Amino acid sequence: QVQLVESGGGLVQAGGSLRLSCAASGRTFSSLAMGWFRQAPGKEREFVAAISVSGGSTTYADSVKGRFTISRDNAKNTVSLQMNSLKPEDTAAYYCAARTSSFRGSLYSTKNVYNYWGQGTQVTVSS
């Protein structure tokens, strides 16, 4: 079992920055592929970013590419999402997700393949 706890959400003006963190426990973090998803009211949960077990590969949704950066620290069992140049349309609850992976370079952008989810942290971007 894996427990995920997100932090770092809040209210920010358009053009500002936030850094989300997700702390993992309960399983060897270095065996987990990680991802960030978001869900706005009335919308489906959508993919934001993913990082491989090794940390050497990342992928992003087109809507955040060039503005968001995902990273992980296997020594601290954390994954982070640095969000710059925030827009009102980035407003959503952001969720950290994890799944075990035998392939250190694999990336997962589909929510259905993730086994573990955090409780979410709210990000609100005002115009």
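Visitor: What makes D90 and R38 a salt bridge?

Guide: In this predicted model, the closest N and O atoms of D90 and R38 are 2.9 Å apart. The cut-off is 4 Å between a side-chain nitrogen of Lys or Arg and a carboxyl oxygen of Asp or Glu, so the pair qualifies as a salt bridge. D90 sits in the loop between β8 and β9 and R38 in strand β4, so the bridge ties together parts that are 52 residues apart in sequence.

Visitor: Why is D90 called buried?

Guide: Its relative accessibility is 1%, and buried means under 20%, so D90 counts as buried.

Visitor: Which salt bridge joins D90 to R67?

Guide: Their side chains meet with 2.7 Å from N to O, which is within the 4 Å limit. R67 lies in the loop between β6 (58–60) and β7, so this pair ties together parts that are 23 residues apart in sequence. R67 has a relative accessible area of 11%, so it is buried as well.

Visitor: What makes E46 partly exposed and R38 buried?

Guide: R38 has a relative accessible area of 6%, under the 20% line, so it is buried. E46 has 35%, which falls between 20% and 50%, so it is partly exposed. These two residues also form a salt bridge, with 2.6 Å between the closest N and O atoms. Happily for a summary, R38, E46, R67 and D90 are linked in a network of salt bridges, and the count of salt bridges comes to 4.

Visitor: How do you know that C22 and C96 form a disulfide?

Guide: The sulfur atoms are 2.1 Å apart, and the rule asks for 2.5 Å or less, so the pair passes and the count comes to 1 disulfide. The link is left-handed, with -80° about the S-S bond. C22 lies in strand β3 (residues 18–25) and C96 in strand β9 (residues 92–100), so the pair ties together parts that are 74 residues apart in sequence. Accessibility is 1% for C22 and 0% for C96, so each counts as buried.

Visitor: How do you know that V79 touches C22 and C96?

Guide: Contact means heavy atoms within 4.5 Å, and the residues V79 touches include C22, C96, M34 and W36, not counting residues up to four places away in sequence. V79 is also among those with the most contacts inside the largest nonpolar core, which has 38 residues.

Terms used. Residues are numbered from 1 along each chain as its sequence is written. This is a predicted model: local features need pLDDT of at least 70, side-chain atom pairs count only at pLDDT 80 or more; totals for chains, interfaces and linings use all residues. Side-chain values use heavy atoms; hydrogens and water are left out. Helices (H or I, at least four residues) and strands (E, at least two) are DSSP runs, numbered from the N terminus. Buried means under 20% relative accessible area, exposed over 50%, partly exposed in between (1.4 Å probe, protein chains only). A nonpolar core is a set of buried Ala, Val, Leu, Ile, Met, Phe, Trp, Tyr and Cys residues joined through side-chain atoms within 4.5 Å.
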